[in-house]
Amino acid sequence: MDYYKLLGVSKNATEDEIKKAFREKAKQYHPDLNKEGQDLFKQITEAYHTLINPEKKRIYDQSLKRAKSSLLTNFEEKFSEFLGFTTKPIDGTDIHTKIYISLEEGYNGSYKDVVYTRKSECEYCKGTGTTEHSFITVCENCKGSGKKKKLGINFPCLECFGKGFKIHNPCKVCEGKGYIKEKVTKTIHVPSGIRQNQILVLKNGGNTGLNNGKNGNLYIKVKLKKHPHFKLKNNNLYMNFDIPRNKIQKGIELSFKNLKDETLHVKIPENLMQKTVLKVKNEGYIDSEGNKGDLFITINPV
């Protein structure tokens, strides 16, 4: 057992810091207030009497160096971290989501609100999952190992979910998890020339890290919605018009909106009798460097 981690102090802690740490832990786990914390209280008391005595501390430090790799069992490490006896950072995980935009928004660039759910550190318990009314007991099912052996294979204990301990009277806000799920809205900039399935990254927009760990990132896959008139291929746009032959013979002019919301006028050649493709230069889609494709209009005489 690492007495420093048990009290939550550094190896260079002063006597005042050791006394203060002991008072805080003893108050939380004193048998008069927490009957099931009796064993832990004994360990805390032993740690205090060892570290507050200069000679005992010197001997303990020497033994700690000799057996550093074997002092803490897997259960003790998890137990200490869970109770907040360590400040080991835990990085938050990334979140992946999607947004759907129109061709017009992709061409001109736009701002979009992304609504999603993320994990944030519980402010009430500061990510520990415990309060002054909580107490911890060793899992009886796995005896603190966090594992149960079946058919020669170690499986995570289903009683404690592999932790090796159980928390009683956990933080009511986060139910002992150390984090809460909340719905957030982030406004992102979609640059002009965005492509289908392109990924936008919002730094630190993912799940919140615990104990000053780094936040994860938010990865947003962009999906281009189906357009009622245009089809996109590379940087070019394609559209079709079915026009009665009697109107084509007289010669007509097509009018429609482009992606910039401007009205285009395209004259159809007279007496057109078969399918024809007309090209309108620079009226296609745009790429990230500002290069524009062309618009191809298929005229179908019917």
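Start by selecting strand β14 and strand β15 (residues 295-301): 5 bridges join these two, and they run antiparallel. Strands here are DSSP runs of E of at least two residues, helices are runs of H or I of at least four, and both are numbered from the N terminus. Two strands count as paired if DSSP finds at least two bridges between them. For a close look at one rung, pick V277, whose bridge partner in β15 is T298.

A word on what you are viewing: this is a predicted model, where local features need pLDDT of at least 70 and side-chain atom pairs count only at pLDDT 80 or more, while totals for chains, interfaces and linings use all residues. Residues are numbered from 1 along each chain as its sequence is written, and side-chain values use heavy atoms, with hydrogens and water left out.

**The four-stranded sheet**

Now widen the selection to the sheet around that pair. It is an open sheet of 4 strands in the order β10-β11-β15-β14, with mixed pairing. Colour β10 (231-233) and β14 (276-280) to mark the edges: each has a single partner strand, so one side of each is left without a neighbour in the sheet. Neighbouring strands are turned by 25 degrees against each other on average, direction ignored. Such angles are taken between axes fitted as lines to C-alpha atoms (for helices over the stretch in contact), and run from 0 to 180 degrees between N-to-C directions.

While you are here, select Y285 in the loop between β14 and β15. Is Y285 buried or exposed? At 0% relative accessibility, Y285 counts as buried. The scale is: buried under 20% relative accessible area, exposed over 50%, partly exposed in between, with a 1.4 Å probe and protein chains only. Add S192 to the selection: Y285 and S192 are 93 residues apart in sequence, and their C-alpha atoms are 9.8 Å apart in space.

**The three-stranded sheet**

Next, go to the open sheet of 3 strands, ordered β1-β9-β8 and mixed in its pairing. Strands β1 (95-101) and β8 (199-202) stand at its edges, each with a single partner strand, so one side of each has no neighbour in the sheet. The twist from one strand to the next averages 30 degrees. Strand β9 (residues 218-224) pairs with β1 in the parallel sense over 7 bridges, and Y100 stands opposite K223 in β9.

Follow the chain from β8 towards β9 and stop at N204, which sits in the loop between them. N204 has a positive phi of about 65 degrees although it is not a glycine, and at 45% relative accessibility it counts as partly exposed. T208 is in the loop between β8 and β9 too; at 22% relative accessibility, T208 is partly exposed. Show D91 alongside T208: the two are 117 residues apart along the chain, and their C-alpha atoms are separated by 7.4 Å.

**A hairpin**

Select β12 (253-257) and β13 (263-267). They form a hairpin with 5 residues between them, and 5 bridges join these antiparallel strands. One bridge pairs K257 with T263 in β13. Which residue in the turn has a positive phi? It is D261, at about 65 degrees, and at 55% relative accessibility D261 counts as exposed.

Turn on the side chains of β13. In a regular strand, side chains alternate between the two faces of the sheet. The covered face of β13 has L264 and V266, and the uncovered one has T263, H265 and K267.

**A helix to check with a ruler**

Jump to helix α3 (residues 38-52). At 1.5 Å a residue, its 15 residues should span 21 Å, and the end C-alpha atoms are 21 Å apart, which agrees. The expected span is 1.5 Å times one less than the number of residues. Among the buried residues of α3 are L40, F41, I44, Y48 and L51.

**Last stop: a cavity**

Finally, show Y107, L237, N258, L259, K260, E283 and G284, which line the largest cavity. Its lining has 3 nonpolar, 2 polar and 2 charged residues. Nonpolar here covers Ala, Val, Leu, Ile, Met, Phe, Trp, Tyr, Cys and Pro, charged covers Asp, Glu, Lys and Arg, and the others, Gly among them, count as polar. A cavity is a set of points on a 1 Å grid over the protein atoms alone where a 1.4 Å probe fits but cannot get out, and lining residues have an atom within 4 Å of a point.

Methods: On a 1 Å grid over the protein atoms alone, a cavity is a set of points where a 1.4 Å probe fits but cannot get out, and a pocket is an open set with protein on both sides within 12 Å along at least five of seven lines; lining residues have an atom within 4 Å of a point.
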